[in-house]
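Let us walk through this protein model step by step. Keep the structure in view as you read.

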Amino acid sequence: GNFTLNLNEPNVNFDLHVFNGLGNEVMSKIKQSGKVDLNMDLSEGIYTIQIITEQGKVGNKKLVILKN
C-alpha cells in the first residue's frame with residue numbers, strides 16, 4: 001500500500017526504518033526531510049516505524065496492516 005508520513009518538524013532530517021513483528025527490518029529510507037511517501041507491499045501484521053533524527057531523537061510508532 002501507499003502511505004505518507006509527515007513529521008511535525010518539516011525542516012528536520014531523519015532516517016526511517018520499518019520492522020516486522022519479528023524485529024526484521026523490511027524497509028529503510030535514509031536522510032529524509034519533513035514528509036516521506038512510502039510504497040510498501042506488506043503482509044498482514046503489526047509493524048514498528050522508527051524515526052531517528054539528525055539530533056539523535058528516536059520515535060517509534062506501530063503500524064497495523066489488515067487485509068480484507
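Start with one pair of residues: Asn-6 stands opposite Lys-35, which lies in β4. This is a predicted model. Now widen the view to the two strands. β1 and β4 are joined by 5 bridges, and they run antiparallel.

Stay with β4 for a moment, because this strand has two faces. On the covered face sit Val-36 and Leu-38. On the uncovered face are Lys-35, Asp-37 and Asn-39.

Next comes another pairing. β2 and β3 also run antiparallel, with 6 bridges between them. Strand β3 covers residues 25-33. Take Leu-16 as a guide: Lys-29 in β3 is its bridge partner. The hairpin of β2 and β3 has 5 residues between the strands. There, Gly-23 takes a positive phi near 90°.

Leu-16 also leads us to the core. The largest nonpolar core has 13 residues. Which of them touch the most other members? They are Leu-16, Val-18, Met-40 and Leu-63. Four elements give two or more residues each to this core: β2 (13-19), β4 (35-39), β5 (45-53) and β6 (58-65).

Look more closely at Met-40. Leave out residues up to four places away in sequence, and Met-40 touches Gly-1, Phe-3, Val-18, Met-27 and Leu-63. Val-18 and Leu-63 are thus on its contact list.

Now move to β5, where Gln-50 is found. Is Gln-50 buried or exposed? Its relative accessible area is 19%. Buried means under 20%, so Gln-50 counts as buried. Which residues is Gln-50 in contact with, leaving aside neighbours within four places in sequence? They are Asp-15, Leu-16, His-17, Phe-19, Val-58, Gly-59 and Asn-60.

Gly-59 brings us to the last stop, a pocket. Rolling a probe the size of a water molecule over the atoms shows where empty space is left. The largest pocket has a volume of about 360 Å³. It is lined by 15 residues, and the closest to its centre are Leu-7, Asn-8, Ile-51, Thr-53 and Gly-59.

Where does this lining come from? β1 (2-6), β5 and β6 each supply at least two residues. The largest share, 4 residues, comes from β6. What is the lining like by class? It has 6 nonpolar, 6 polar and 3 charged residues.

Note on methods. Residues are numbered from 1 along each chain as its sequence is written. This is a predicted model: local features need pLDDT of at least 70, side-chain atom pairs count only at pLDDT 80 or more; totals for chains, interfaces and linings use all residues. Side-chain values use heavy atoms; hydrogens and water are left out. A nonpolar core is a set of buried Ala, Val, Leu, Ile, Met, Phe, Trp, Tyr and Cys residues joined through side-chain atoms within 4.5 Å. Buried means under 20% relative accessible area, exposed over 50%, partly exposed in between (1.4 Å probe, protein chains only). Contact means heavy atoms within 4.5 Å. On a 1 Å grid over the protein atoms alone, a cavity is a set of points where a 1.4 Å probe fits but cannot get out, and a pocket is an open set with protein on both sides within 12 Å along at least five of seven lines; lining residues have an atom within 4 Å of a point. Grid points are joined across faces, edges and corners, and a volume is the space filled by probe spheres set on the points. Ala, Val, Leu, Ile, Met, Phe, Trp, Tyr, Cys and Pro count as nonpolar, Asp, Glu, Lys and Arg as charged, and the others, Gly among them, as polar. Two strands pair if DSSP finds at least two bridges between them.
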